[in-house]
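Hi,

Here is the structure I promised to pass on. Could you load it before reading the rest?

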Amino acid sequence: MSPDTGTEALARLTDERVDHRFKGLPPDAEGLTVGELAAQRRNLFSDGFATPVLALSAEHLEHNLALMETYTERHGLAFAPHGKTSMAPQLFRRQVERGAWGITLAVPHQVRVARAFGTRRIFLANELVDAPALRWIAAELERDAEFRFVCYVDSVRGVELMDAALRGTSRPVDVVVELAAGEGARTGVRTEAECASVADAVAKAAGTLRLVGVAGYEGEVPQADPDRVRAYLRRLVALAVGFDREGRFAGTDEVVISAGGSAWFDAVADVFAGIPELSLPVLKLLRSGAYVSHDDGHYREITPFNRVPEEGALEPAFRLWAQIVSRPCAEQAFANAGKRDAAYDLDLPFAQVIRRDGTERPATGVTVTGLSDQHAWLATAPEADVRVGDWVGLGLSHPCTSFDKWQLIPVAEADGTVVDYVRTFF
C-alpha cells in the first residue's frame, strides 16, 4: 500500500456524513460531512453539542505527541506506540509524523484497520495462530514490498501452526520470541531453555518464519518495582545476546529488542541503553501507547515522568462532559453519562469542573461514587453548588477503555472551539 493510498483513506474520513451513529454531536449537523462540520469550528459549549460528549484537548494532545517524540529520540529508542489504545488512524498518522517507527497492535482486525489507512510498519504484540489472518498478512507482504510486519511467538505449537498456515508464501513472517515477565504473568515463554526450543522451531520453519529478535512486556512483572522490572529487562537483553552469539538471527539485517508499556518506559530506556554491541544493528523498540491521551487517574499515578520530572510531564487530554439531570436531595445528584460513555475498569471518573451560564469553576464537593449504564452517581457535599442543567466535566482513568466507547471524538481547543474530529475503529 502506497503512502498516497493511506492519505486518501484518511481524507475520506472527512467525507463521512454526520448522523445518529455519533454520540454528542449537534443534532442540526445531521447530513453535514465531518469535514464540513469541522470547518464550522463550532464551540463545544454553545453551538449545539449534546451531552454526554467526550472531547480531546487539542493542546494536550499535541503536547503529548511532541513529548514522547523528544523522549524517544533522547534515549535512542525506536517507537511503535500501541495502537489498541485509540484505534484511531488519524492519531496513528500523527504519531508516525512525530517520529514513530510504526504502530504496535494486538489482534488481526487491528492490523487490517492500520493497513487500510496506510501504516507501513506493524509490530503485533501477540502470537498469531489464526490461519486466515496469517494468509491475509502473507498476501499483504507479497503485495507490498515495503510492508514490515513483526509478531510474537511464544510456543513450539504456535510456531507449528504458523508454519502450516504460511506454507507456499513468498515472504517469511518476521517473529520475535516473547519472554514471559515471570511465573503467573500473562503470555510468553517462561524459561530461557524453552525460548531456545521455540527459536529452534522457528529455524525449522525457515521458509515461512524468520527469527529477528526478542520481546516482552515488563508491565506484567509480578510485584513490579524498579529492581524487579530492571532484572526482567536484563534477562530479555541477555536472551537476545545469547541468541545472537548462537547465530540465531542469520538472514535478518537487524535485531529487534522490544519492551515498554506506559508504566516503566524509563526502566526500558535505562536497560536498553546498556545493550552491548551485537553482530547486527539493534532496533530498540518501545511500545508505550497510553501517552497519546494520558489520563486523570491510573496513568497519571504510574507514569514514569513522576520518577523523572526533569524529562517533562504528560497532560490528560480527555474530558467527558455530562449534564446534571437530577438533584433529588442535598447530598446527591445524577449526571447523564454512565458505563456506556466513561471508562470505569480501573477508576471511576473524577468530577473536575462545573459549567453554568458560560462560566467554569472547580467541581468543589462533587464526587463520582458509581456508574449505572447511563447515569453517574454524584455525592454532593455541603459546599457543592450544583443545579439541574449544569454541565460537569469529568476526568477519566484508562485511555484504552475511553476511546472504545466513542466512534467520533471532537478535538477542542482550550476555549471550546472544535477544530477536528477523531474517528475510531474498534
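Below is what turned up, going from the sheets to a helix, the cysteines and the pockets.

One thing before the details: this is a predicted model.

Let's start with the open sheet. Eight strands make it up, paired in parallel, and the order across it is β2-β9-β8-β7-β6-β5-β4-β3. β2 (78-79) and β3 (103-105) sit at the edges with a single partner strand each, so one side of each has no neighbour in the sheet.

Inside that sheet, β4 and β5 (residues 148-153) pair in the parallel sense, with 5 bridges between them. A residue to click on here is Ile 122, which belongs to β4 (residues 121-127). Its position is opposite Phe 149 in β5. Is Ile 122 buried or exposed? Its relative accessibility is 0%, so it counts as buried. Leaving aside residues up to four places away in sequence, Ile 122 touches Ile 103, Leu 105, Val 111, Ala 114, Arg 115, Phe 147, Arg 148, Phe 149 and Val 150. If you want a distance to check your setup against, the C-alpha atoms of Ile 122 and Val 229 are 25 Å apart, with the two positions 107 residues apart along the chain.

Next, a strand with antiparallel partners. β16 (residues 391-395) is mostly covered, with 5 of its 5 residues buried. Side chains in a regular strand alternate between the two faces of the sheet. In β16, Trp 391, Gly 393 and Gly 395 point one way, while Val 392 and Leu 394 point the other way, and all are buried. β10 (residues 318-329) pairs with β16 in the antiparallel sense over 4 bridges, and Ala 322 stands opposite Val 392. β12 (residues 350-356) also pairs with β16 in the antiparallel sense, over 5 bridges; there, Arg 355 has Trp 391 as its bridge partner.

Now the helix. α10 (residues 265-272) is mostly covered as well, since 7 of its 8 residues are buried. Which ones are buried? They are Phe 265, Asp 266, Ala 267, Val 268, Ala 269, Val 271 and Phe 272. The cover over them includes two helices, α3 (58-74) and α9 (226-245), and two strands, β8 (255-259) and β9 (282-286).

On cysteines, the disulfide count is 0. Cys 329 is partly exposed, because its relative accessible area is 31%. Cys 400 counts as buried, because its relative accessibility is 12%.

Last, the pockets, which may be the part you want for your own work. The largest pocket holds about 460 Å³ of space. Of its 26 lining residues, those closest to the centre are His 82, Lys 84, Arg 186, Tyr 217 and Arg 287. The lining as a whole divides into 11 nonpolar, 10 polar and 5 charged residues.

The second largest pocket has a volume of about 340 Å³. It is lined by 19 residues, and Ser 57, Arg 319, Trp 321, Glu 413 and Ala 414 lie nearest its centre. β1 (53-57), α3 and β10 are the elements that give two or more residues to this lining. Here the split is 10 nonpolar, 4 polar and 5 charged. Two of those elements have come up already: α3 is part of what covers α10, and β10 pairs with β16.

Cheers

Methods:
Residues are numbered from 1 along each chain as its sequence is written. This is a predicted model: local features need pLDDT of at least 70, side-chain atom pairs count only at pLDDT 80 or more; totals for chains, interfaces and linings use all residues. Side-chain values use heavy atoms; hydrogens and water are left out. Buried means under 20% relative accessible area, exposed over 50%, partly exposed in between (1.4 Å probe, protein chains only). Contact means heavy atoms within 4.5 Å. A disulfide is a pair of cysteine sulfur atoms within 2.5 Å. Two strands pair if DSSP finds at least two bridges between them. On a 1 Å grid over the protein atoms alone, a cavity is a set of points where a 1.4 Å probe fits but cannot get out, and a pocket is an open set with protein on both sides within 12 Å along at least five of seven lines; lining residues have an atom within 4 Å of a point. Grid points are joined across faces, edges and corners, and a volume is the space filled by probe spheres set on the points. Ala, Val, Leu, Ile, Met, Phe, Trp, Tyr, Cys and Pro count as nonpolar, Asp, Glu, Lys and Arg as charged, and the others, Gly among them, as polar.
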